[in-house]
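Trainee: Could you take me through one part of this structure up close? I'd like to see how a single helix sits among the others.

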Amino acid sequence: MEKPKTKNAAGAAARSTLRDAAKRKSRAPSKRTRYTRAEIAEIFRRFHVQRPEPQGELEHVNVFTLLVAVVLSAQATDAGVNKATRALFAIADTPEKMLALGEPRVGDYIKTIGLWRNKAKNVIALCEALIRDHGGEVPGEREALVALPGVGRKTANVVLNMAFGQPTMAVDTHILRIGNRIGLAPGKTPDQVEDILVRIIPDEYMRHAHHWLILHGRYVCKARKPDCPACVIADICKSAEKTTSIPAPLVPIEPLEEAPA
Ligand code: SF4
């Protein structure tokens with residue numbers, strides 16, 4: 001995957017643009033976080049110590065295959081998408097090659113993923129648009145990304161964050177749950193939660209905040225029952241559901257030791 005290109009200053013500028021865009025958009029008013037600035041900084045400092053370089057779990061070999069993988073991951077697990085895309089990306093890692101493969105063969109590769117017929121159609125339309133409008137390259141601007149077939153705000157946020165190093169916040173089911181459960185970013189919709197998180201997370205942590213929150217939700221603050229004894233922010237957490245206030249030891253976690261989704 002391409003290395004992030006954004007430095008701190010550029011990241012702060014991009015974040016400021018995000019805030020302005022969020023303000024301009026007419027959305028239902030967001031609620032407030034239940035945490036002080038110091039508490040929020042401490043939460044993300046600990047996530048940083050625990051996972052200094054968090055990685056997304058969707059397999060890809062370049063920006064194009066990342067985009068396709070994210071499009072395919074809607075209402076599917078990362079593990080399920082990875083299983084289907086390994087063979088597909090081995091033979092089609094550019095829009096041109098994917099287009100040459102054609103919709104029926106793309107469909108054959110991704111048949112195990114939910115809504116695969118529609119997704120195969122979208123992937124082909126996506127490749128046509130990338131070739132026609134962007135010379136076969138994935139654009140690094142939000143407006144251009146969301147104009148592509150099958151690409152919504154969340155997909156654009158993931159690609160901008162992972163491939164272009166932008167401090168975006170793609171709110172998935174885990175982040176929506178954590179935002180509300182612990183009161184970090186209460187909101188009914190992903191957009192409301194995104195607005196709060198983009199506003200409250202300190203600049204220096206924004207680049208990786210998306211992955212930290214997803215991994216925390218996937219492995220610790222799980223949907224059915226949060227694993228509070230394993231939680232490094234248990235003393236700060238204000239959730240009514242928490243079962244302990246003693247934080248787990250703060251040690252770096254090796255990515256390979258993580259359990260599958
Ligand atoms: S203490 Fe429990 S509820 Fe709070 S963030 Fe940690 S796992 Fe989630």
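Mentor: Let's start with the word we'll lean on: a residue is buried if 20 or more other C-beta atoms lie within 10 Å of its own. Keep in mind, too, that this is a predicted model. Now, our part is helix α3, which covers residues 63-72.

Take Leu72, whose place is in α3. Leu72 has 27 C-beta neighbours inside 10 Å, so it counts as buried. Who does it touch? If you leave aside the neighbours within four places in sequence, Leu72 is in contact with Val81, Thr85, Ile110, Ile113 and Lys119. Here's a distance you can check on screen: Leu72 and Ala84 sit 12 residues apart in sequence, and their C-alpha atoms are 9.7 Å apart in space.

Leu72 has company. Helix α3 is mostly covered, with 9 of its 10 residues buried. The buried ones are Phe64, Thr65, Leu66, Leu67, Val68, Ala69, Val70, Val71 and Leu72. Here's a handy bit of background: an α-helix has 3.6 residues a turn, so residues three or four places apart point the same way. What do the buried residues of α3 pack against? Their partners are α4 (78-91), α5 (95-101), α7 (116-134) and α9 (153-162).

Now zoom out for a moment. The protein has 12 helices and 0 strands, so to speak an α after α run from the N terminus on. Of its 261 residues, 39% count as buried. Look at contacts with a separation of 6 or more, and you'll find that residues 24 or more positions apart account for 62% of them.

For contrast, hop along to helix α10, residues 173-181. Its buried residues are Ile175, Leu176, Ile178 and Gly179, and they pack against α11 (190-200) and α12. The axes of α10 and α12 (residues 203-219) come within 8 Å and cross at roughly 85°. That angle makes α10 roughly perpendicular to α12. On the α10 side, the contact is made by His174, Ile175, Arg177 and Ile178; on the α12 side, by Leu213, Ile214, His216, Gly217 and Arg218. Sort the residues of this contact by character and you get 4 nonpolar, 3 polar and 2 charged. Just after α10, have a look at Gly183, which takes a positive phi of about 75°.

There's also a ligand to find. Of the 14 residues around the ligand, Cys221, Pro226, Cys228, Cys231 and Cys237 come nearest. The shell around the ligand divides into 9 nonpolar, 1 polar and 4 charged residues.

Last, how far does the predictor trust its own picture? The protein averages a pLDDT of 89, and 86% of the residues score at least 70. Confidence is highest in α5, at 98, and α5 is one of the helices that the buried residues of α3 pack against. Confidence is lowest in helix α1 (residues 8-24), with a mean of 53. Over residues 1-7 the pLDDT is below 50, and that stretch has 14 contacts in the model beyond near neighbours in sequence. Residues 257-261 are also below 50, with 9 such contacts.

Conventions. Residues numbered from 1 in each chain as written. Predicted model: local features only at pLDDT ≥ 70, side-chain atom pairs only at ≥ 80, totals over all residues. Near = placed C-beta within 6 Å. Nonpolar A, V, L, I, M, F, W, Y, C, P; charged D, E, K, R; others polar. Axes fitted to C-alpha atoms, helices over the stretch in contact; angles between N-to-C directions. Helix = DSSP H or I, 4+ residues; strand = E, 2+ residues; numbered from the N terminus. Parallel < 35°, antiparallel > 145°, perpendicular 65-115°, else oblique. Contact = placed C-beta atoms within 7 Å. Buried ≥ 20, exposed ≤ 12 C-beta atoms within 10 Å, placed from the backbone. pLDDT = per-residue confidence, 0-100.
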